[in-house]
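Me: I'd like a close look at a single part of this structure, the sheet and whatever packs on it. Could you walk me through it in plain words?

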Amino acid sequence: MSYQTDLIAKLREIFQIDRADLDFGIYRILNSRSKEIGDYLQNRLPAKIQAAFSTSSQTQINSWQKELAEAEKAAAALGVNPDNLPKIQELKDKITSAQKGSVTSEAVVYNHLLTFFSRYYEEGDFISQRRYKGDTYAVPYSGEEVLLHWANKDQYYTKSGENFSNYRFKLSDDREVFFRLTAADTAKDNRKDNDATRVFALVQERVIEKEDDNGNLYEEVVYPVREISDALGGKTLEICFEYTVASEGGKKAQKIANENTIATLQDLIGEDWKAVWQPAPTEKNPNRTLLEKHLADYTAKNTADYFIHKDLGGFLRRELDFYIKNEVMDLDNIQDAPTFANIEGSLHQIQTLRAIAREIIDFLAQLEDFQKKLWLKKKFVAKSHWLITLNYIPQEMLKTVFANAKQREAWKNLFVINDLINLDKNPDSFAESNPYLTVDTSLFSASFQTALLAALSNDHDLDEATDGLLIHSDNFQALNLLQARYRGQVRCIYIDPPYNTGDDGFVYKDNYKSSSWLSMMENRVLLARNLLAENSALFCQISDIENTNLNKLMVSIFGIENHRETISVVTSSKSGVNAINVKRGERLFKIKEYLHFYSNHPSFRFNSFYTPDTYNKNYKWEIFQNEQGLWTVTNLSDVKKESELVDYALKNPTHIYSIEKNNSKAGEAMKAILEKSKISQKVETFTDQFGVTKLIYQGGVCVSLAERVIQENGKNVFGVLGSDIWDDIGQAAKSEGGVSFDNGKKPEKLLKRIIEMTSQKNDFVLDYFSGSGTTACVAQKLRRKWIGIEQGEYFRNVLLTRVQKTLFGEQTGISKSINYTGGGIVKVLKLESYEDTLNNLVLKDNGDLFNQLNDGAKEDYLLRYMLADQSRDSLLNTEVFKQPFNYQMDIATDSAGATERMNIDLVETFNYLLGLRVHAVKDRIEKDGYLAVEGTLPDGETALVLWRDCEKVGYEGLDALLGRLKINPQDSEYDTVYINGDHNIATVWENENGVSGRLKIRQIESEFMALMFGEAQ
């Protein structure tokens, strides 16, 4: 049966067991049961289909044969030849047809299954195209006036790179070969080889210097090839690569690098591993070896896995029913069926098709839902450190700071601080004269950072003292983690997403360029909107390419009533150098971009602004009250020359007015005062319903010049009310922010306008496409609180550097115009990535239990429960919480995917899962084995989170500790206390008067699990 063979091949591809030699991520779990899955596809699935038809057919045949025997017996009794009777002939035809039809029906079902599942699966992803019939599609529509739809609307965009970082495959003897990427030589800003072609190449043996969590340096030898053994004696051949500049460029650079790698490995791999040279021929390359095959796969672009469906099971089940109604259940065939038996046969085909298809859908839904669970899982804080200016560092800790050689070197490089001799001679004087030097706690031991935060807690509320939060992460994962802590608190969001030009770093699925981009944007905007306060706004900058799609998407989320403006931002001069490259007659010269402005609620009002303009001659009336309370009016154009008037008006704008006589919309009370002033020719006053007093003169309202004199580059200039064309911004200077950024910095002047339009001091500003950090640094200069999110490789060398220079008080951009001097505290986080989650999946071996199940239970387990069960402990191993300061994972250290084993910050992770506003930290890890965090929960309750090393602080030790901390049901300053590990603490008390009280104590492990795996809201 070709349809059966084709269907099984397609299902093996979809179920991802056609890569049985791969042993990492989700492949590892699927391959652990590849034998059982293969048996289901190859044997049990066909047997089910065959049994469904053979049982049904045989039952029907038996009924007809019985009926035939009775008819023949009746004919014989009448002396009639049975062959001449139509009834008997009809029964014989039915029996013959049924005997042949069973095989035909099976083929029809296989054909439909193959057709149905092939429609939606495309190179590793399910595409949510709702087929109507053939090549006609249906779009879900609920009666909206205008509907925006795209192919991947029901999916999460998850692609962050196109390379495998680590790759593992098995040999025929079950030994493994592991390709590992070491710290990659990826492109850095300010380097001449930024545009060079990079390839995966075999590392050369060398010694590298590394740093542990306590800041201690140690040496590690990197080998190109080595054999490693696990605890059970299993052998793995580890081959190490680096992502480096190619020795030869061009399209074949990786192919040449692979050839060089194979040539080198032939000398390095010993006889014990000769299995890697087994033949794996192709038609084009009959001499290809197994190692060459996997090396080509490893270094090739990963063109699959761009999306995860939000509800694949529901989608496919609905599509299946639609498919059956439209393409299987043919009403014409039913109407024209010669007998009811034909209709019964068709209905039985449909029943079988639907039952088998739904089983397959259950398995596919398990795969997709598991990946969705991994994607939506709140990610761990892998690392946290702080940037704190010297004026915040406690006096007693300055000696440790100044003694740190790495910090001193960083000051030299970042801030050109060469006065370190004076530092050694007179540290107090040095600290006093350099108050905004930035201390980077990542250059110190973990114990120093914790001790510093505890010391800061003595004098400051940590949450209030922290100015900014900088997160190195995929923005979806960062926004997801921030939901509990910042929901409804952000006043202004500015984003400058990829413009989808094709060469801006945005990776899209072939044939789904705009659709990929829309899914990426929608997923993130929906999360970001949760963080917006009611009285807030979002700005998004974009070019022509996705301008139309962007606005339609945003309107579908915020509503047309909240689309405030589409602003044209002039980004280039008409006579600029870019005019040379215009394809004349084909395109116009581009000198603008679009800035879409959305409010979160129609009641939102922004702060008006003014842009530079020439002097308006209507502002010629000087009006003020003298000491006797009499109004004095002077027409300055009568007493001053124009040049004198301009200079005078700039210096004395407070009492200079224009007379606005277009007041047709004024109320009756106002109109009465206007008429009175015409007659009296004197200054009158009118106070409106908001309590604002206005001057009235000669039948017009006096409009003050004061609000139209603005500061531009530190000088007073005349201004005009801002419009939707911003042609006064210009481009960012190359030196702005103290960093270079090839991808284009947004001008600080642009962000100053946006932030001042929408927020006040200490309001939160968010940018989740931070780039070079303009939004974060302008927000810092304007004394806003801010959050910046970026996953680019330039995070440390550009964004983090710029933030440090801003804290130091660098004087480019808007600094001089607002008299910014520096200072502040910024928290920096690095989050676990989705790829990290996949790479840390560990298989739980439950083979013995699985083998004890009956066939039905095994099948149910494979189709519905296997993935969640076998990966449970590797996603969150709460047993390790007994020693919470030593939880480790493999985390990618660069954009190419090289990983390192590192301690995970469970404390910081849990703070964000709770949404805790941290007020103070008490560090007793080294001395007493515990750390206490005080804060406020989103509902306003006070909370204490107590982390302990359960080996140091057991049952009795915990009772004593709580006593010292004055935590008990009778008298506690906290509404809720969270504690890790088992305990027997009393939570209820009753005094001698019978009055009872209760202390809410929560176990960290169960809360952590529930909050981490709660879906994105």
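Reply: A quick definition before we start: two strands pair if DSSP finds at least two bridges between them. Keep in mind, too, that this is a predicted model.

Now the sheet itself. It's an open one with eleven strands, in the order 15-14-33-16-32-31-17-18-20-19-30, and the pairing is mixed. At the edges stand strand 15 (438–440) and strand 30 (725–726); each has a single partner strand, so one side of each is left without a neighbour in the sheet.

Let's go inward to strand 16, residues 468–472. Five of its five residues are buried, so strand 16 is largely enclosed by the rest of the structure. Look at which way they point: G468, L470 and H472 go one way, while L469 and I471 go the other way, and all are buried. On one hand, strand 16 runs parallel to strand 32 (residues 785–790), joined by five bridges. On the other, strand 16 pairs with strand 33 (residues 825–831), also in the parallel sense and over five bridges. L469 is a handy residue to find here: opposite it in strand 32 stands I787, and its bridge partner in strand 33 is K827.

Further along is another parallel pair, strand 17 (residues 490–495) and strand 31 (residues 764–767), held by three bridges. To spot the match, find C492, whose bridge partner in strand 31 is V765.

Next come the helices. Helix 18 (residues 513–531) packs on the sheet and touches strand 17, strand 18 (532–542) and strand 31, with its direction at about 155° to that of strand 18. Helix 19 (residues 544–558) packs on the sheet as well, touching strand 18, strand 19 (563–570) and strand 20 (592–599), and its direction makes about 0° with that of strand 20.

These two helices also pack against each other. The angle between helix 18 and helix 19 is about 35°, and their axes are 11 Å apart. The crossing of helix 18 past helix 19 is right-handed. If you want to see who meets whom, helix 18 brings S514, W517, L518, M521, E522, V525, L526 and R529, and helix 19 brings E546, N549, L550, L553, M554, I557 and F558. Sort the residues of that contact by type and you get ten nonpolar, two polar and three charged.

Conventions. Residues are numbered from 1 along each chain as its sequence is written. This is a predicted model: local features need pLDDT of at least 70, side-chain atom pairs count only at pLDDT 80 or more; totals for chains, interfaces and linings use all residues. Side-chain values use heavy atoms; hydrogens and water are left out. Helices (H or I, at least four residues) and strands (E, at least two) are DSSP runs, numbered from the N terminus. Contact means heavy atoms within 4.5 Å. Axes are lines fitted to C-alpha atoms, for helices over the stretch in contact, and angles run from 0 to 180 degrees between N-to-C directions. A crossing is left-handed if the near helix is turned anticlockwise from the far one by less than a right angle, and right-handed if clockwise. Ala, Val, Leu, Ile, Met, Phe, Trp, Tyr, Cys and Pro count as nonpolar, Asp, Glu, Lys and Arg as charged, and the others, Gly among them, as polar. Buried means under 20% relative accessible area, exposed over 50%, partly exposed in between (1.4 Å probe, protein chains only).
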